[in-house]
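Biologist: Could you walk me through the charged side-chain pairs in this one?
Modeller: Gladly, let me put the structure up before we start.
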Amino acid sequence: MKKSCILTPIHPPKYEFAEKFVRSYNEHFDDLDLFLLFTNENEKNLFEKSYPDLKYSSLVYPPGTTTTNHPITEKKYYGAKYLFENTDYERVALIDADSIFFRHVDYDEMFTNYLNNGKIYGHTVIKSDTIHKINSDCLRFFPKGDYEKVQNLTRDFTVYFWFNDIPILEKQSFMEFWDYIDLNNNFQKLETHDFDWLVYAYYLLLKGYMQLEISPMHIPSDNGSLIELQRRIPPDIFIKEYTMINPMWIQIKIDEQYMKNTFMLVHTDRWW
């Protein structure tokens, strides 16, 4: 049995993307290690009736739970904790339904290798109120001293790395992280800019589980990471940076020789 799985929260407005997402998984993987997390039983039943031929596992958010101002982060954290506490999985990848699988790989091994590599690759971006707020808001549950340490690591929040690779939660560090930011008491306080991967990644950097590798390349934007801004970056420069990071996903396919580690498309709902 694999020790890695994939967790994807979905809701009706994204069902068309989710159908393509799950169908692509079924095309390349013959297992039930893809978990769709539904808001309630009605939404779960609707998806099942709409696409009865799809193969996946289901989780349903507990009835009566009051949602926060950022339900996607709430659902991802809940789903990961549930899987870690009730299954033998040791790694949970958080992947949105606007993604597509395009080849079979041993992602259990790949996720393990990613964590063993111990690096998060980032780039400096334009310093702006937007990027500063995104990064700093993700630290509001951290003690002041730890906030300042991450601020220094990220050069005053000008280093950005979200979506440069698949967000992977590891069981031991995630459960420590849950206690560190006291999610038992702070769960309902999650806000719009408490982005799931960034908050957790800052904990990994702070505690030494991962190291931040900052590329000398500067991205002249405050609107995303290398992967998200592929269309805006000259192809030769993008390929150079992409092969350095060697990620598991990309927005637009490039030559196969540069995608040896890549098996997914990300953000298929975006044009920028």
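Modeller: What follows is a short talk about salt bridges in this model, which is a predicted one.

Biologist: How many salt bridges does the count come to?
Modeller: The count comes to 15 salt bridges.

Biologist: Which residue does Glu19 pair with?
Modeller: Glu19 forms a salt bridge with Arg23, with 2.4 Å between the closest N and O atoms, and both residues lie in helix H1 (residues 15-28), 4 residues apart, which is about one turn of the helix.

Biologist: And is Glu19 buried or exposed?
Modeller: Glu19 counts as buried because its relative accessibility is 16%, under the 20% limit, whereas Arg23, at 33%, counts as partly exposed.

Biologist: Switching to the loops, what does Lys55 form a salt bridge with?
Modeller: Its partner is Asp30, the closest N and O atoms being 2.5 Å apart. This pair links distant parts of the chain, 25 residues apart, since Lys55 sits in the loop between helix H2 (41-50) and strand E3 (57-60), and Asp30 in the loop between H1 and strand E2 (34-38). Lys55 is partly exposed at 33% relative accessible area, while Asp30, at 68%, counts as exposed.

Biologist: Back to helices: where do Glu48 and Lys44 lie?
Modeller: Both lie in helix H2, 4 residues apart, about one turn of the helix, and their side chains meet in a salt bridge of 2.9 Å, N to O. Here Lys44 is buried, with 16% relative accessible area, and Glu48 is partly exposed at 31%.

Biologist: Which residues are linked in a network?
Modeller: Lys2, Asp31 and Asp33 are linked by a network of salt bridges.

Notes
Residues numbered from 1 in each chain as written. Predicted model: local features only at pLDDT ≥ 70, side-chain atom pairs only at ≥ 80, totals over all residues. Heavy atoms only, no water. Salt bridge = Lys/Arg side-chain N within 4 Å of Asp/Glu carboxyl O. Helix = DSSP H or I, 4+ residues; strand = E, 2+ residues; numbered from the N terminus. Buried < 20%, exposed > 50% of the residue type's maximum accessible area, 1.4 Å probe, protein only.
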